[in-house]
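User: I'd like to go through this model with you, beginning with one of its sheets and then moving on to how two of the chains are related. Could you take me through it?

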Protein chains: 4
Amino acid sequence: MIIIMAENASEEKIKAVEKQLAEYGFKTHPIRGESKTVIGAIGDKGHLSINRLLAMDGVENVVPIMRPYKLAGKEIKKAPSIIDSGGVKTGDNMNITVFAGPYIAENEEMLDIAASCVSEYGGGILTGGVFNQGPSPYGFESLGIKGLTFLKAAGKKYNIPVCTEIPDTSDVETVAEYCDVIQIGARNMQNYSLLSEAGKTDRTVILKRGLSASVEEWLMAAEYIMKEGNSKVILCERGIRTFETATRSTLDISAIPVVKSLSHLPVIAEPGRAAGNFKYVGAMSKAALAAGADGLMLEIHPEPNKAHSNGERALKPKTFTALMRELKAVASAVGREI
Amino acid sequence: MIIIMAENASEEKIKAVEKQLAEYGFKTHPIRGESKTVIGAIGDKGHLSINRLLAMDGVENVVPIMRPYKLAGKEIKKAPSIIDSGGVKTGDNMNITVFAGPYIAENEEMLDIAASCVSEYGGGILTGGVFNQGPSPYGFESLGIKGLTFLKAAGKKYNIPVCTEIPDTSDVETVAEYCDVIQIGARNMQNYSLLSEAGKTDRTVILKRGLSASVEEWLMAAEYIMKEGNSKVILCERGIRTFETATRSTLDISAIPVVKSLSHLPVIAEPGRAAGNFKYVGAMSKAALAAGADGLMLEIHPEPNKAHSNGERALKPKTFTALMRELKAVASAVGREI
Amino acid sequence: MIIIMAENASEEKIKAVEKQLAEYGFKTHPIRGESKTVIGAIGDKGHLSINRLLAMDGVENVVPIMRPYKLAGKEIKKAPSIIDSGGVKTGDNMNITVFAGPYIAENEEMLDIAASCVSEYGGGILTGGVFNQGPSPYGFESLGIKGLTFLKAAGKKYNIPVCTEIPDTSDVETVAEYCDVIQIGARNMQNYSLLSEAGKTDRTVILKRGLSASVEEWLMAAEYIMKEGNSKVILCERGIRTFETATRSTLDISAIPVVKSLSHLPVIAEPGRAAGNFKYVGAMSKAALAAGADGLMLEIHPEPNKAHSNGERALKPKTFTALMRELKAVASAVGREI
Amino acid sequence: MIIIMAENASEEKIKAVEKQLAEYGFKTHPIRGESKTVIGAIGDKGHLSINRLLAMDGVENVVPIMRPYKLAGKEIKKAPSIIDSGGVKTGDNMNITVFAGPYIAENEEMLDIAASCVSEYGGGILTGGVFNQGPSPYGFESLGIKGLTFLKAAGKKYNIPVCTEIPDTSDVETVAEYCDVIQIGARNMQNYSLLSEAGKTDRTVILKRGLSASVEEWLMAAEYIMKEGNSKVILCERGIRTFETATRSTLDISAIPVVKSLSHLPVIAEPGRAAGNFKYVGAMSKAALAAGADGLMLEIHPEPNKAHSNGERALKPKTFTALMRELKAVASAVGREI
C-alpha cells in the first residue's frame, strides 16, 4: 500500500506514520519528492489499516496495491471456474446458459409453459419468483412454499434444473432443498447475513449486482459467499442506476469484460430487468453475448398484460423462442454455443 | 393515472386499453389530441396495474397520479410526526436530536466516553455498532450480544436512550430488547423481510436511505415498516452514490426539504458516513441543520487512528464537543434548539 | 400536456390554471379524481409553457405528451435516414461505418498508417484530432491547420473520407472546407452556438453524447443542428458518467436501441473513449454491433506508449486489423456487413 | 507518481517501464512486494505521461501524486483569493455576495425591479441572461446587445455591478465591455476556447460546475482561465446530475468544503437551478451558507408564471427580500455578513 503525505507534511508527521505502519507489521519505503513524500508499505494483509491511516495527521491519501478480494480474484485462480448446476455447466467458454421463467410464478401452468420453452434449448434453467420481493408492501401475495413445489415439479417434468430468489436468511435452507440454483437479488447484494447463509449451502448461487455497487464491491460480496466454502458463484449484471431514465436502469455491458479480467467466476446478464421494457431485450441480449457473457437471465410470461408484476419487460413464449434462434447466430459469431 | 398512447395508435388499441382499464375497475376519460390520445383513469388504488398496462400494444407510457406510499405520505397526515425514543422527542420542529457514538463499539470504555459526550447535550442518543456490517468478510469481529449489554449499561449510567443497527431479521427481537432505537442500514433499505420485522416492534426505527434509492423508494421502504403497525420511523439521509469521488458519497441535502414536503416523518442527516472524512463533518452538519434536518448522526472515537473501522470519518471527543457548540448557533438561526 | 394539481387544490386554483392554459392557446379537459384533479391540455406546440405552469399555485406536476424534438424524431420521419459522407453511407441497416484514426494527429506518417488500416475495409472514414481538446491547459500543442492538410492528403491518397473534431464556432468554416465529416465532442454537446454553426454547413456532423446527457437532451442537440437545415447528423454514444470507476465511463449500449426507437438518425458507438482501456475495446465493439449500431469510432496509434495523449485506449494497427476480422462475424450474425 | 505493476509482472516488463520513466525524466524507486512491484517516480511535471505508461505491457495502474492544477490549487497560494468585482468583494471570509436577477432578461422593467431588490442589501450583483442558452432551439428569442445596455443601465441606476452569461467566444469582448462579471455556464465548463477567451479579459469570471464534472475537472477548467492571466475566478456549484429526479439536479453542498480545502478561489452556490423549484431555494440557500459558501446566485422574476423560461424556480421580489432577512441570521451563525 502507498501512503501519500500532504504537501510539505512535517518530518515528525512522516515519522509518526512510519512508526504506525511498523506497528501494523509493514516494512516502509519512503520516497521523497520535491514537495510531497510518499511511503511504500510492504506486507498489506487486508484493508483494515487503510482507514486508520487516513485518520492520521498529515496523510492525504492511501492507495491499496492488492485487491481486497482473494477467493473471487484471478490472483489465486487464473483458469475460469466452471459451475455445475444440476448438470448444466456455466463458465466453460463455450455453453451459454439461459435462465428463464416468470418473474413471479403466479400458478403451476405458467411454470409449465416457461419450462417447456426453456427445455427446447439444451442447457437452460427454469426460474420463477415464489417469495414477495417488490418495492411496494401492497403488491401481490406470492405462492411461497407451494411455489417451490410447483417449480420443482416443472423442472422434473422437463428435466431441467430450477432456480429461485431467496429474500431472507430464514428461507435459505428451504430453498436449497427445492432448487438447484439459489439467487440473491440486487437489493440484497450487501445483505451480509444472507450472503454467508448462501455460502453454507452446496447450491449454485447467482449473485446479482446491486444497483449502485461497483465491480469491486460485487466481487467482495462474492467473497462473502466463497469464504463460507461455497465457490459455486455466478455473477449476474442486471443494470446499474444512472441519471438516464429512458431505460429503467443502465445495463453495464462493459462490466462483463471487466469481471472477466479480474475474476475467474462466470458472469451472465439480465437485459429485461435493466431495460424495463421487452422491446429492448433482444438487442441487449445480443450485446451481452457478443461482449462475452456466459449466459442470460430472461423473463417469460404467457400474457404480460395480465402479469401480477413487471409484465412490461416479460417476453411472450413465442418471442422468447424467436429470440433464442437469433441468439444462436450471435453466440456462434463469438465462438460459443446456445 | 394517465395512459399515453403512442403516436397514431389505432382506435382498436385505444379501445383495448380502455376495456382493460374497466376490468381493473377504473373509469376512463380519453382525450384525443392531434396525433396522440391520452386516457385519464380514475380509481387508481395501487401501482399494480401500471406495469401491466405498459405491456399492452400501443401504450407509450403510464403516468401515476397518486403517490405509491400512503402511511408515510402527507396526504393522510399533514402534521409532522413527533417520535418519542426513550423520552427524547424528534420531529417537533424545535429539538435537534443528536445520535452519536462509535461506528463499531470495540469495548466498554469507548461507549462510556461517547455516552459522556452525548449526555452533556440534552436530547442526545447513544449509538454503537455491535454486529458485523462491513463490505469485507475479513473485517474485525464485532462484540455481538456482549456489545448490546455494554450499550445498555452506558445508556443507563448516563440516562440516555441507546441505538444500534440490526443486520438481519433474526436479530430484531434481541436488539429491540436492549435498545430504544433500532437502525436499518443503507444496504438493507430494501431488505423487505427486515423492514417488516422492524415494523412488528414498538421501537423507533431509523431508516437510512439506500445509496441509490430515490426519495420515493425510501418512503416506500418506510411504508413497509409502518404497514406492520410501527409508525415510529425516522428517516436518515447518509449520502447517495454519484460520480464524484472527492467525497465517499454525496450528502443529498436537498432531500431534507423534499422529504419535508412529501412526508410527516422526521428526517436526520449523517454527514460523516457521506463525506467519509472527518474534515467535512462540521460544515456538512451545519448545512443539514440549516436545511431543516431534525437531527444528526455522528461518529465519535477516542482514537480514530486506532479504530477497527472507518476511523477517518470519526470525531474525537473534543472535536465533537466543539462542534456541538458551533451547531447551537446554526440551530438557533433557523429557530431550533440543540 | 397533462397538469397534475396538488392534493385537494382549491377550485379557484384549478380555474386559474385552466384560464392560463386558455391564454396559452390550449383546450382544457379537467378530470376530477377522489382527491386530485388532472387537466388534459390539447394544443401543446412546444415546451415553453411547462415551466410557467409549474410556477403556478396548486400545480404539483406537468407531464408533456409530445416529445420536445421534431426533426430528429420518428414522428415526422419514420424511415431511417441514410447519411452520405463523401460516398460512404451510414444508416442503411446494412453497412457498418468504421471511423478510425489517431486521437491526436501528431504527424503525417501516423495519419498515413491509420488511413492504410482503414482503407483495407470498405466504407471506412479516417479520423484524427488536430485541435487542442484535452481537460488540461498544459497538454500537447496540436497541429492545427497543418493537421487539416495532412488529414486531407491522407484521405486523398487512400481515397477515403476524413473527419475531425471542431472545438469552436470560429473553426467550423475551415474544418468544413477540409473534411467530409465534422465532429462535435461530448463536452460541447450543449454548446448551442457550435451546434447552430455546424447546422449551417453541408457536412455530415457526428454528434457525441454528453457525459451526463439524457437521450432526450442528445436528440434536442441534434435538433439544433437540423433546424439550421443540415439533416446529416450521426449520433455517437461514447459513454456516460456513472459511479463505476473500473471503466473511464459507462458505454450505454442500451442507448442504441432506445435511439433507434425514437429517431431516424443513425447511431454509432465509441468503445475506447468510454472504457478508457484498449483491453475492453474488442468486447465492447462487438456488443455495440450486436445491439444494432450503425458504426464504430476507434482510435489507432502506431505506438500507444509514445502517444501524446490517451495512448492507453488506442489500438495498434495490428490489433485494429485483427478486430475488424472478428467484427465481420458479429456484423453478419445481425444481418449487417463490415 | 506511482506505477503499479500487474501481479507477477516479469522483470523485463518492470525494466522497460523504468527505462521509459528515465526517458521521460523521472528518477525511479522500485518497491518489490510479495507478488506485485510498484515503482515510485520522482519528477512528475504534468499529467502527460500517465496515459502513455498505462499503455505499456505489465502496467496495472498509475497513481498521480501531484494534483493536475497549479494556479487554482492551494499548493501555490494558501491564502484565500479575494475577488473584486466592480467594488464588491468575494472570498474574504466575511462578505456573502448575492448575485440575483432574472434568468432571462425579458425587458428593461424586470431588470429594474431585480436591481432594486439586490441593491437593498450591500454587496449584491445584478444578473440577467441576454443570450439564448436553453436546451431547445424553439425557445424564446433573447434580447442580445439591447439586453446588455439595459443591464448596464440598471446597474448604473442602482450603483451595483452587473453580470451575464457568455455563450460563445465571439461574445466575450462585447460582454466584457458591458459587464463587471462574466459567467460561464455549466454546459460550457469544458469549452476550452471559451475558457481561454475569458482568461484574456480582466473581468471576474463565474465558472459554473458542469453537471457531471468532478471537483478536479472543475478546478482544471479554472486553470484554463487563470493560465491566460486572469485569476479573478469565482466557482459556482449549481448541482450535479444524479439518479434522483425529485430535484432537477443534486446541489453538491459537500463540494463547498472540498473546494475550500483544495483551492484558494471563492465558491458560491446556486440552489434554484439545482433544485428546479422555488420551494426548495430557501432551505438550500441556508444550507450553502452554513457550509461555508462565499455567496449565492438566485433568480428573481416579478411574475414567475409569465416567465419566458424556468419560472418554476424563480423567486418573486417579496420572497427574495424575505429570504435575505432569514439568511442574515444563518450568515451570522457562521461568522459571516450579508
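**Sheet and symmetry**

Analyst: In chain D, an open sheet of four strands runs in the order E2-E3-E1-E4 with antiparallel pairing, where strands are DSSP runs of E, at least two residues long and numbered from the N terminus, and two of them pair if DSSP finds at least two bridges between them. The model is predicted, so local features need pLDDT of at least 70 and side-chain atom pairs count only at pLDDT 80 or more, while totals for chains, interfaces and linings use all residues. Residues are numbered from 1 along each chain as its sequence is written, and chains are lettered from A in the order in which they are written, with side-chain values using heavy atoms and leaving out hydrogens and water.

User: Which are the edge strands in chain D?

Analyst: They are strand E2 (27–32) and strand E4 (59–63) of chain D, each pairing on one side only.

User: How many bridges join E2(D) to E3(D)?

Analyst: Six bridges join E2(D) to strand E3 (residues 37–42) of chain D, the two running antiparallel, and His29(D) stands opposite Gly40(D) in E3(D).

User: What joins E2(A) to E3(A)?

Analyst: A hairpin does, through four residues, and Pro30(A) stands opposite Ile39(A) in E3(A).

User: Switching topic, what turn lays chain D on chain C?

Analyst: A turn of 180° with a shift of 0.0 Å along the axis does, giving an RMSD of 0.0 Å, with the copies superposed by least squares on the C-alpha atoms of residues with pLDDT of at least 70 in both. The two copies are therefore related as by a two-fold rotation axis.

User: Which residue of chain D comes closest to the rotation axis?

Analyst: Ser212(D) does, at 2.9 Å (C-alpha).
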